[in-house]
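Let's take a walk through this one together, starting with a sheet and then moving on to the aromatic side chains. Keep the viewer open as you read.

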Amino acid sequence: MTGGARHQLAHVIGAALGLFAAQAGAAAAPHCSTDPLAGRALYLRGSFNAWAADEAHRLRWACDRYVLVTRLGGDQRFKIGDEPWSPDADFGQGLGAQLRRQGPDISRRFNGTHRITLTMSTDTLATPTLSVEDCPSAAPPFGDTVLYLRGSMNNWAALDEYALQYSCDAYYLNTKLKGKHEFKLADAAWTPSLTSEGHTLEFDGEQTLRAVIVAERPLVSLGPKTFADPNSQPVEHPVAQSLRFDSRSLQHKAPFGAVVEHTPIEFAVSALPGVTKLTLVVEQRRLEGNQEVLAYLPVARVPMTRLAFDKLRQNGVGMGVVSSPVPAEPPSVRAEPVEAPARDTWTARHTFTTKAIYGYWFEAEIDGQTFVLQNNAESVFWTREKGSHGVGAVAPLPTRQSAIRRFRQTVYDANFKVPDYAPDLVYYYIFPDRFRNGDKRNDPVGGRDRYQDQTVELHRNWNEKPWKPGTGDGSDAVYNNDFFGGDLAGIIDKLDYIQDLGANAIYMTPIFKAASNHKYDTADYHQVDPAFGNNADFERLCREAAKRGIRVIPDASLNHVGSDSVYFNRYGNHGDNGAFQNGRINAASPYASWFTLDPTQPDADKQFKGWVGVRDLPELNKASPAWRAFAYGNPDSVMKVWLDRGASGWRMDVAPWVPDDFWREWRSAIKTHQPDAITIAETWFDSSKYFLGDAFDSTMNYIFRNTLLEYAAGGDATVLYRNLESIREAYPPQAFHALMNLLSTHDQARSLHVLGWTDGASAEAVALAKRRYRLALLFQMTFPGSPAVYYGDEVGVTGGDDPYNRATYPWADEGGKPDDAMLAEFKRLIALRHRHAVLRRGSLEAPLFTDAHAIVLARRLGDQWAITATNNADAPRTATVKLPAGAPKRWSDALNASHPAAIAENGQLTLQLPALGGTVLISSPE
């Protein structure tokens, strides 16, 4: 992805059309007090509900008051009390607005929707104050559309925990933030008419954000916490609390993980006796774009059958065994802990007949109340949907079904195959302009060569930092127009270096003719950019790489082109056939149908659609048959031509912005033309939808990157590893073993920078960052998937966000100072991976052990086993783990052959883990 587009996307399409006017007065947040009734529920009880303590009239505690929004009509008598009418929780008529404990009934006329507030004194024995407000409308002004707080506090994403709720008179959200944050209010799709102008407020702990609609424009304010969120109330019913489901336990769900079409899945929920009814709810997910569209459509409601504990005991089976046979637990699923006796088991079966991503959850009825047993509330990096799977969570049935956190189930095509070589790949990831200048004759010429309607800049010193406008570095005011001269000839010159490193695949960012240094603004899909060489150089690169056992995988965007392109030609630099020739719509252009053009707009910038609002990147109309034929359909289409020139596959830019049916046709064309071509998506979030067998083989695994870098920086291993467990469960095994597992990229700060080597860092901080990176590297090279080495990381290149993450490789003959010790460590660990097939292709078990610092994993390939263990603490650790059934007793140290063999005793193995390091054990003959 381009740097400009990434920046623009993060700040959400600039100043969008808005209905909202901001009026923010940030009040100091008071300290929220504890519920004076210690969790006992209070209810509005009266003539309208036969004086019952029903959930529809339960008051919710909000910081320092109880609140209920409800619809009532007519003359009513009522009181406020807990379920047993306890003497200290029985409130009736007092003086004025004051209530009196065990006072008489209160009489009042109601006429619609009201907000009832019970304000408690700090003295819990004092009588409370009652207020009843009329609500202007029970219906939200924007109907079912959900508004989200989207800003610097959540990477501008539409996350459920930042969804505003309409209540009585306004949209509300309880926040718990500190410091100054920029934000907007918007729906998930960034609909312009529902997107506010930008706001900046100072947050201070527990507060309530309120957006009240006045003359179709909301006034936004931030003040003390006053909103009683009905979806955040704790579950207090002991039977509801006892509901248990673990999606990674075969005693609760079998088979494990992603399944092929027409596979029946057995589900089991355990609970204390007292559940009246349990239902398995199955839905099919709709996910489009960069997660802007997210919805679930109903598929089935499957009644669950109760098998009481007494019946289980009579049958001689354990609590979690489902009603039909379940296969023996494989090593990829953890053992289920033994639960306390006297629990019922509820079972159901559902057969998933169509490939898709499904959601499922459980609806429980207990004592007249309805609860959901749903996915947990943990976040998975970059993923909009909450929940890392595993052990579920119980909550009252929310008012909005979209607030339910579904467990997600991948159902894929039984014929889904990835190239057999995928698990064996180690990628070398190149940004061509910054890797190596092998032919100075094709260097861009500053002041002569064009960048749109400007000229380019050329660095004279290979080891300079990339230039960034506005930083005082002496560059011009134009982004992405500075070049260093790297080219295909330079990559060819260094193929022996890449082979010696141990990499056997090259992934390089686009090489097509384009104006910028990053080349995502394609000008001509059929030509190598002159600054990189020519088409013959690409063919020579592929031939020479193949001689060394190295595959070449180029990059392309089929979502947008450059405004300075043959196809659009806004600046008139490419003939006279552009669809927006010289800044004007050209309906006669052969490319006109490729774009969405609007001649009714007086402003030229609004006559076409720029991708995420970036006018330099006109978005392609992916529905255009002419565009599809050009891209992949024709015999001489872009995708096929470059495969014929020697490419081994494709990495596709910004895949989520391209429709699914496009990718289905695209995959069919690619695989028909070259069956062993690998297809890789650029997706940052949970990519399950692309692994159904009809789209991609792999993706750039940003979930892996964030998890591993936070772990190497000292993060809690147990919490972080659940991100990786989530994708192990969600992805088909063949895709899981083909993932491009990266640590640094051209779109994110380099790993050493993230781990502490920033500008001005001390020698101690630099040394610590390098130790942390070696820990991350050890994990990366021993984990399933295909490791990716971003050029220069192997010799200690650091750098922050774009453009500094795109620095040059520090070649010694260009005056650079590569870190030879780091390079040696890369070679050692890549060689370790190549030497032991079990590290590349072995199955992955659930962790044998995790705590705050250590992760111990087991791998198995036939008779070969491996144990990998890492420790992010700054002191050595000892970990004793129970080995899986069938594991050998004797283990050799794959990192240090001089170390004595490790011997398991009584099925347990004790591991010595160095500080900020780890160990790799390989099974030895007995």
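Two strands are said to pair if DSSP finds at least two bridges between them. Keep that cut-off in mind for strand β35, residues 678–681: 2 bridges join β35 to β36, and the two run parallel. What stands opposite alanine 681 in β36? That spot belongs to threonine 699. Bear in mind as you look that this is a predicted model.

Now zoom out to the sheet around that pair. It's an open sheet of 4 strands, in the order β33-β34-β35-β36, with parallel pairing. At the edges you'll find β33 (555–556) and β36 (698–699), each of which pairs on one side only. Next, look for helix α9, residues 660–673, which lies across β34 (649–652) and β35. Its direction is at about 155 degrees to β35.

On to the rings. The structure holds 62 aromatic pairs, so let's pick out a couple. Tryptophan 462 and phenylalanine 484 meet edge-to-face, 6.1 Å centre to centre and with 85 degrees between the planes. Why does this pair tie together separate parts of the chain? Tryptophan 462 sits in the loop between β27 (457–458) and β28 (482–483), while phenylalanine 484 sits in the loop between β28 and α4 (488–493), so the parts being tied are 22 residues apart in sequence. Are these two rings buried or exposed? Buried means under 20% relative accessible area. Tryptophan 462 has 8% relative accessibility, so it counts as buried, and phenylalanine 484, at 3%, counts as buried too.

The second pair is tyrosine 567 with tyrosine 591, again edge-to-face. Their centres are 5.2 Å apart and there are 90 degrees between the planes. Both tyrosine 567 and tyrosine 591 lie in the loop between β33 and α7 (625–633), and they are 24 residues apart. With a relative accessible area of 2%, tyrosine 567 is buried; tyrosine 591 is buried as well, at 18%.

Follow those tyrosines outward and you reach a wider group. Tyr567 and Tyr591 belong to one aromatic cluster, together with Phe512, Tyr525, Phe538, Trp594, Trp627, Phe630, Trp642 and Trp650.

Last stop: rings with a charge over them. The charged end of arginine 436 sits over the ring of tryptophan 811, 5.3 Å from the ring's centre. Arginine 750 does likewise with tyrosine 791, its charged end sitting over that ring at 4.8 Å from the centre.

Terms used. Residues are numbered from 1 along each chain as its sequence is written. This is a predicted model: local features need pLDDT of at least 70, side-chain atom pairs count only at pLDDT 80 or more; totals for chains, interfaces and linings use all residues. Side-chain values use heavy atoms; hydrogens and water are left out. Contact means heavy atoms within 4.5 Å. Axes are lines fitted to C-alpha atoms, for helices over the stretch in contact, and angles run from 0 to 180 degrees between N-to-C directions. Rings of Phe, Tyr and Trp (its six-membered ring) pair if their centres lie within 6.5 Å; planes under 30 degrees apart count as stacked, over 60 as edge-to-face and the rest as tilted. Buried means under 20% relative accessible area, exposed over 50%, partly exposed in between (1.4 Å probe, protein chains only). A charge sits over a ring if NZ of Lys or CZ of Arg is within 6 Å of the ring centre and within 35 degrees of the ring normal.
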